[in-house]
Amino acid sequence: VQLQASGGGLVQTGGSLRLSCAASGRTFSISAMGWFRQAPGKEREFVTAIDWRGGSTYYADSVKGRFTISRDNAKNTVYLQMNSLKPEDTAVYYCAAGEGYYSGSYRYTRPMGYNYWGQGTQVTVSS
């Protein structure tokens, strides 16, 4: 599976951005897709994830109510709508895809729960 992320950029506080992540290759094997982010000097952290078949969603507390993940199975694409952006949202955002069995929230919310990663897209929120 190959993942291509796009949509990052520079936005002012309170603004919005939409990220996209298109999957190609063995897309039939995908069970879940997620977004993680990594700011300079910090560890990669979970942002949101979606079950590819059932559509269940998971969010980090820091983005609940502001970010929305969605999917288009026909296009093998997952989207991240980010509203009310804050400077602390500044990071490189990575999309990820996982195969196999997911149960509960544990695997969805950990980087080790995913098999494939996109190249990352920079999101910068100015104050």
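Which residue in β8 does Ser20 stand opposite? I looked this up at the start, and Ser20 stands opposite Tyr79. I note that the model is predicted.

**Entry 1: the chain as a whole**

I went through the secondary structure and found zero helices and eleven strands. Read from the N terminus, the elements run β-β-β-β-β-β-β-β-β-β-β. The radius of gyration is 13 Å, close to the 14 Å that the globule rule gives for 127 residues, so the chain is as compact as a globular protein of that length. I then looked up the spans of the C-alpha trace along the principal axes, which are about 40 × 25 × 25 Å. Of the 127 residues, 45% count as buried. I also looked at contacts between residues at least 6 apart in sequence, and 57% of these join residues at least 24 apart.

**Entry 2: the four-stranded sheet**

I wrote down a general point before starting: strands of a sheet pair through backbone hydrogen bonds, either parallel or antiparallel. In this chain I followed an open sheet of four strands in the order β1-β3-β8-β7, with antiparallel pairing. Its edge strands are β1 (2-6) and β7 (67-72), and each of them pairs on one side only. Ignoring direction, neighbouring strands here are turned by 15° against each other on average.

I took the pairs in order along the sheet. β1 and β3 run antiparallel and are joined by five bridges. In this pair, Leu3 stands opposite Ala23 in β3. β3 and β8 also run antiparallel, with six bridges between them. My opening pair, Ser20 and Tyr79, belongs here, with Tyr79 in β8. The last pair is β7 with strand β8 (residues 77-82), antiparallel over six bridges. There, Arg71 has Val78 in β8 as its bridge partner.

**Entry 3: Leu17**

Is Leu17 buried or exposed? Its relative accessibility is 15%; the cut-off for buried is under 20%, so Leu17 counts as buried. Leu17 is in strand β3 (residues 17-24). I left aside the neighbours within four places in sequence and listed what Leu17 is in contact with; among them are Gly7, Val11, Leu80, Met82, Leu85 and Val123. I also checked Leu17 against Gln122: these are 105 residues apart along the chain, and their C-alpha atoms are separated by 11 Å.

**Entry 4: strand β11**

Which side chains of β11 point to the buried face? In this strand (residues 121-126) the side chains alternate, and Thr121, Val123 and Val125 point to one face and are buried. Gln122, Thr124 and Ser126 point to the other face and are not buried.

I then looked up the partners of β11. Strand β2 (residues 9-12) runs parallel to β11, and four bridges join them. Leu10 has Thr124 in β11 as its bridge partner. Strand β9 (residues 91-99) pairs with β11 in the antiparallel sense over three bridges. For Tyr93, the bridge partner in β11 is Thr121.

**Entry 5: aromatic rings**

A general note came before the list: a pair of aromatic rings is described by the distance of the centres and the angle of the planes. How many aromatic pairs does the structure hold? I found seven.

Phe36 and Phe46 are an edge-to-face pair, at 5.7 Å centre to centre and with 70° between the planes. Phe36 lies in strand β4 (residues 30-38) and Phe46 in strand β5 (residues 45-51), so this pair ties together parts that are ten residues apart in sequence. Both Phe36 and Phe46 are buried.

Why does the pair of Tyr58 and Tyr108 count as stacked? The ring centres are 4.3 Å apart and the planes are at 20°; planes under 30 degrees apart count as stacked, so this pair does. Tyr58 lies in strand β6 (residues 57-59) and Tyr108 in the loop between β9 and β10 (116-117), so the pair ties together parts that are 50 residues apart in sequence. I looked up Tyr108 separately: its relative accessibility is 3%, and Tyr108 therefore counts as buried.

Phe36, Phe46, Tyr58 and Tyr108 all belong to one aromatic cluster, which also includes Tyr102, Tyr114 and Trp117.

**Entry 6: charges over rings**

I finished with two arginines. The charged end of Arg44 sits over the ring of Tyr94, 3.8 Å from the ring centre. The charged end of Arg107 sits over the ring of Tyr102, 3.9 Å from the ring centre. Tyr102 is one of the residues of the aromatic cluster in the entry above.

Methods:
Residues are numbered from 1 along each chain as its sequence is written. This is a predicted model: local features need pLDDT of at least 70, side-chain atom pairs count only at pLDDT 80 or more; totals for chains, interfaces and linings use all residues. Side-chain values use heavy atoms; hydrogens and water are left out. Buried means under 20% relative accessible area, exposed over 50%, partly exposed in between (1.4 Å probe, protein chains only). Helices (H or I, at least four residues) and strands (E, at least two) are DSSP runs, numbered from the N terminus. Two strands pair if DSSP finds at least two bridges between them. Rings of Phe, Tyr and Trp (its six-membered ring) pair if their centres lie within 6.5 Å; planes under 30 degrees apart count as stacked, over 60 as edge-to-face and the rest as tilted. A charge sits over a ring if NZ of Lys or CZ of Arg is within 6 Å of the ring centre and within 35 degrees of the ring normal. Axes are lines fitted to C-alpha atoms, for helices over the stretch in contact, and angles run from 0 to 180 degrees between N-to-C directions. The radius of gyration is taken over C-alpha atoms; the globule rule is 2.2 Å times the number of residues to the power 0.38. Contact means heavy atoms within 4.5 Å.
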